[in-house]
Amino acid sequence: MRAADRCAVGSSTLLGAVCGLILLHTFGSNNGLQSTLSGRVTQAPRGLRMLQKRSSSWVANALSKQKKEETVALIKDKMDSSSLVFGMRYNGFSVKQIEDLRKKLPEDTSMRIAMNTLVKRAGEDAGYGAIASACKGDNAWWFVGENIASGVKAYLAFEEECKKAAKTDPEAPVPTISGGCMDGEFLDEAAVKKLKSLPTRTELIARIAGSIKAVPTKLGRSIKQVPQKMAVGVSKLADGDDNKDLIVGDIFPKADAPVEA
């Protein structure tokens with residue numbers, strides 16, 4: 001067979017395979033194709049079936065990669081706006097329990113379930129690289145904003161609620177903290193729980209306002225403690241504005257030199 005003939009045959013085969021693939025995708029299955037071709041039951045060529053399988057696999061992988069990239073970007077944005085990130089092991093909890101917990105979270109606290117590998121990648125880009133030590137097991141990730149104590153207290157309230165339920169039902173799950181990260185440092189479960197004692201934003205503002213309000217009082221006390229001689233001197237200096245010949249030495253004369261024997 002001449003080269004031109006082989007090329008023509010190859011092109012026809014390839015064209016047939018492409019058309020067959022289009023038909024397979026159009027009718028959804030081999031059965032749909034079989035019932036369409038003159039009513040005869042025929043088996044699609046093995047090569048065509050493999051091509052369809054690979055095509056579906058490529059599309060699925062592309063979509064999966066795109067979804068993962070979007071998730072990493074979303075987690076990074078969450079981290080960028082958070083002061084604290086920590087993981088809560090959620091094994092044994094129902095979807096309803098997790099959703100009910102979400103509804104009880106403070107305004108600047110959110111929670112998201114994500115793969116550990118994606119959280120690690122986002123953490124490396126957002127300055128939360130230490131969170132990798134907490135990426136073990138199944139985690140629901142907490143993203144806490146400025147009111148750190150409020151977010152931690154919300155977790156502790158949920159944990160206490162679960163512990164009470166476990167007293168009557170030993171099978172009831174109780175959450176634990178896999179670890180957290182704040183200011184680039186890793187925090188274990190005990191360290192995360194201690195953050196409940198941090199002042200909230202409202203409390204901190206109140207403390208600052210109280211300190212500023214106390215400044216005039218403290219300043220007044222300090223002025224009252226100025227030595228009497230200094231106060232008199234300041235008064236005389238003020239009076240000396242009208243006497244240009246008056247010098248500081250006239251106001252604060254030096255002590256008389258000791259008389260030599």
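This talk describes confidence, strand pairing, nonpolar cores and a few individual residues in a predicted model of one protein.

Good morning, colleagues. I begin with confidence. The protein has an average pLDDT of 74, and 55% of its residues reach at least 70. Among the elements, strand β1, residues 84–89, has the highest mean value, 98. The lowest mean, 43, belongs to helix α2, residues 30–36.

Two stretches call for caution. Over residues 1–18 the pLDDT stays under 50, and the model has three contacts for them beyond four places in sequence. Residues 21–42 also stay under 50, with 25 contacts beyond four places in sequence. Where pLDDT is low, the predicted coordinates should not be read in detail. I shall therefore not interpret such coordinates in detail.

I turn next to strand β1. Five of the six residues in β1 are buried, and the strand is thus mostly covered. Which strands pair with β1? One partner is β3, in the antiparallel sense, over six bridges. Within that pairing, glycine 87 has tryptophan 141 of β3 as its bridge partner. The other pairing is with β4, again antiparallel, and it comprises five bridges. There, arginine 89 stands opposite threonine 176.

The nonpolar cores come next. The largest contains 23 residues, and the members touching the most other members are Leu84, Phe86, Met88, Met111 and Trp142. At least two residues of this core come from each of β1, α4 (95–104), β3 (139–144), α6 and β4 (176–182). Helix α6 contributes the most, with seven residues. A second core, separate from the largest, holds 16 residues, including Ala114, Ile131, Ala134 and Trp141.

Tryptophan 142 deserves a closer look. Beyond four places in sequence, its contacts include Leu84, Phe86 and Met88. Other contacts of tryptophan 142 include Leu101, Met111, Gly151, Ala154 and Tyr155.

That last residue is my next subject. Tyrosine 155 sits in helix α6, residues 148–168. Is tyrosine 155 buried or exposed? Its relative accessible area is 1%, under the 20% cut-off, so tyrosine 155 counts as buried. Outside its neighbours within four places in sequence, tyrosine 155 contacts Phe86, Met88, Trp142, Pro175, Thr176, Ile177, Glu189 and Lys193. For methionine 88, which lies 67 residues away along the chain, the C-alpha separation from tyrosine 155 is 8.8 Å. The tyrosine 155 side chain also reaches the backbone oxygen of proline 175, at 3.4 Å.

Serine 178, in strand β4, offers a second example. Serine 178 has a relative accessibility of 11% and, because the limit for burial is 20%, is classed as buried. A polar atom of its side chain lies 3.2 Å from the backbone oxygen of alanine 134. Not counting residues up to four places away in sequence, serine 178 touches Gly87, Met88, Arg89, Ala134, Asn139 and Phe186.

Finally, the cysteines. How many disulfides does the model contain? With a limit of 2.5 Å between cysteine sulfur atoms, the count is zero. Cysteine 162 is buried, at 6% relative accessible area. Cysteine 181 is buried as well, with a value of 0%.

To close, I return to two points. Strand β1 is paired with β3 over six bridges and with β4 over five. The largest nonpolar core draws on several elements, among them β1 and α6. Thank you for your attention.

Terms used:
Residues are numbered from 1 along each chain as its sequence is written. This is a predicted model: local features need pLDDT of at least 70, side-chain atom pairs count only at pLDDT 80 or more; totals for chains, interfaces and linings use all residues. Side-chain values use heavy atoms; hydrogens and water are left out. pLDDT is the predictor's confidence in each residue, from 0 to 100. Helices (H or I, at least four residues) and strands (E, at least two) are DSSP runs, numbered from the N terminus. Contact means heavy atoms within 4.5 Å. Buried means under 20% relative accessible area, exposed over 50%, partly exposed in between (1.4 Å probe, protein chains only). A polar contact is a pair of N or O atoms within 3.5 Å; within protein, one must be able to donate a hydrogen and the other to accept it, and residues adjacent in sequence count only if both atoms are side-chain atoms. A nonpolar core is a set of buried Ala, Val, Leu, Ile, Met, Phe, Trp, Tyr and Cys residues joined through side-chain atoms within 4.5 Å. Two strands pair if DSSP finds at least two bridges between them.
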